[in-house]
Amino acid sequence: MWDMFLNSASLFVKGRLFREPQQVLRQWLIGLAVTVITVVVLGKVGAPLWLAVSIAAFGAGALQPYLFKDLKYT
């Protein structure tokens with residue numbers, strides 16, 4: 001298990017873990033944008049910061065499997 005982690009980490013650092021790194025970056029930026037927008041909107045509505053961040057983090061975590069479902073590894 002540890003060897004698999006080290007191998008994946010080294011491939012990630014070298015930029016060879018994913019077949020299309022641009023798609024990974026795009027999907028990651030979509031998730032980041034949704035999170036930031038959620039925090040800002042909830043903050044403008046008047047929600048406490050801790051609640052806005054908690055809801056945005058939960059939503060971003062729930063969105064990740066959908067965003068990354070079609071990624072191809074090398």
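**Helical architecture and packing of the predicted model**

Of the contacts in the protein chain with a separation of 6 or more, 65% are accounted for by residues 24 or more positions apart. The structure is a predicted model. The protein chain has three helices and zero strands, and read from the N terminus its elements follow the order α-α-α. The radius of gyration of the protein chain is 16 Å, whereas the globule rule gives 11 Å for 74 residues; because the value is well over that figure, the chain is more spread out than a compact globule. Along the principal axes, the C-alpha atoms occupy a box of roughly 45 × 25 × 20 Å.

Burial and surface composition were examined next. Of the 74 residues in the protein chain, 16% are buried. The accessible surface of the chain amounts to about 5,800 Å², and carbon and sulfur atoms contribute 71% of this area.

The largest nonpolar core consists of five residues, namely Leu11, Leu17, Phe18, Val24 and Leu71. One of these core members is Leu17. When neighbours within four places in sequence are set aside, Leu17 is in contact with Ser8, Leu11, Phe12, Tyr73 and Thr74. Among these partners, Leu11 also belongs to the core.

Helix H2 spans residues 21-45, and several of its positions were considered individually. Gln23 lies in this helix. With a relative accessible area of 18%, Gln23 falls under the 20% limit and is therefore buried. Apart from residues up to four places away in sequence, Gln23 touches Asp70 and Leu71; the latter, Leu71, is a member of the largest nonpolar core. Gln27 is likewise placed in helix H2. Its relative accessible area is 11%, so Gln27 also counts as buried. Beyond residues up to four places away in sequence, the contacts of Gln27 are with Leu67 and Phe68.

Gly31 is a further residue of helix H2. This glycine has a relative accessibility of 4% and is accordingly classed as buried. Its contacts, not counting residues up to four places away in sequence, are with Leu63, Gln64 and Leu67. One of these partners, Gln64, is separated from Gly31 by 33 residues in sequence, while the C-alpha atoms of the two residues are 7.1 Å apart in space. Leu67 is touched by Gly31 and also by Gln27. Helix H3 comprises residues 49-67.

Exposed positions complete the description. Leu25 is situated in helix H2 and has a relative accessible area of 48%; Leu25 is partly exposed because this value lies between the 20% and 50% limits. Together with Trp28, Leu29, Leu32, Val36 and Val40, Leu25 makes a nonpolar surface patch of about 550 Å². Phe58, by contrast, is located in helix H3. At 65%, the relative accessible area of Phe58 is over the 50% limit, so the residue is exposed. Phe58 and Thr35 are 23 residues apart in sequence, and the distance between their C-alpha atoms is 9.2 Å.

Definitions and conventions
Residues numbered from 1 in each chain as written. Predicted model: local features only at pLDDT ≥ 70, side-chain atom pairs only at ≥ 80, totals over all residues. Heavy atoms only, no water. Core = buried A, V, L, I, M, F, W, Y, C linked by side-chain atoms within 4.5 Å. Buried < 20%, exposed > 50% of the residue type's maximum accessible area, 1.4 Å probe, protein only. Contact = heavy atoms within 4.5 Å. Patch = residues over 30% accessible without salt bridge, like charges linked within 9 Å, V, L, I, M, F, W, Y side chains within 5 Å. Areas by Shrake-Rupley, 256 points an atom, 1.4 Å probe, with all protein chains shown as cover. Salt bridge = Lys/Arg side-chain N within 4 Å of Asp/Glu carboxyl O. Helix = DSSP H or I, 4+ residues; strand = E, 2+ residues; numbered from the N terminus. Rg over C-alpha atoms; globule rule 2.2 N^0.38 Å.
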